[in-house]
Amino acid sequence: MGGRDQRGDCAPPQLVNDWRAARRLAPIPASQLQASDFNRVDIRVSRAFSLSSGTSVELLAQVFNLFGRDNLIGGTGGTFIDNSLSNSYGKYPVAAPRQEMELGIRFKF
């Protein structure tokens, strides 16, 4: 798991760097290892308007990942690169969408 501890910090495991040294590969720096913490703020706003004969219309807008944080995906569609001989060891090649917005109209009869 890339040497992550309970705080989500990453440190290169010594055994991985020893294995890489035996194969004449450069060690993995701690700055290369990524944590897969997930943090997202979503917001939704809606407003309903009454129309004649008991019908109504509702307008809504919602934004996912409002602050545009990069959320690395592991275990839910992404793969943590755990091949210790790879130069990409400790990275996640997939990130969740940075921001998304939806607009909608709902009619009630």
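1. Asp70 has a relative accessible area of 43% and is therefore partly exposed, a value that belongs to a predicted model, as do the others in this note. Its salt-bridge partner is Arg98, and the closest N and O atoms of this pair lie 2.5 Å apart. Both Arg98 and Asp70 sit in the loop between β2 and β3, yet they are 28 residues apart, and the pair is counted as linking distant parts of the chain. Arg98, at 49% relative accessibility, is also classed as partly exposed, because the partly exposed class extends up to 50%.

2. Arg106 and Glu58 form a further salt bridge, for which the closest N and O atoms are 3.2 Å apart. Here the link runs between two strands, with Arg106 in β3 (residues 100-108) and Glu58 in β2 (residues 56-64), and the two residues are separated by 48 residues along the chain. On the question of exposure, Glu58 is buried, with a relative accessible area of 12%, whereas Arg106 is partly exposed at 38%. Glu58 is assigned to the buried class because that class covers values under 20%.

3. Arg40 is joined to Asp42 by a salt bridge whose closest N and O atoms are 3.0 Å apart. Arg40 counts as partly exposed, at 41% relative accessibility, and Asp42 is likewise partly exposed, with a relative accessible area of 38%.

4. As to the overall count, the search of the whole structure finds 3 salt bridges.

How values were computed:
Residues are numbered from 1 along each chain as its sequence is written. This is a predicted model: local features need pLDDT of at least 70, side-chain atom pairs count only at pLDDT 80 or more; totals for chains, interfaces and linings use all residues. Side-chain values use heavy atoms; hydrogens and water are left out. A salt bridge is a side-chain nitrogen of Lys or Arg within 4 Å of a carboxyl oxygen of Asp or Glu. Buried means under 20% relative accessible area, exposed over 50%, partly exposed in between (1.4 Å probe, protein chains only). Helices (H or I, at least four residues) and strands (E, at least two) are DSSP runs, numbered from the N terminus.
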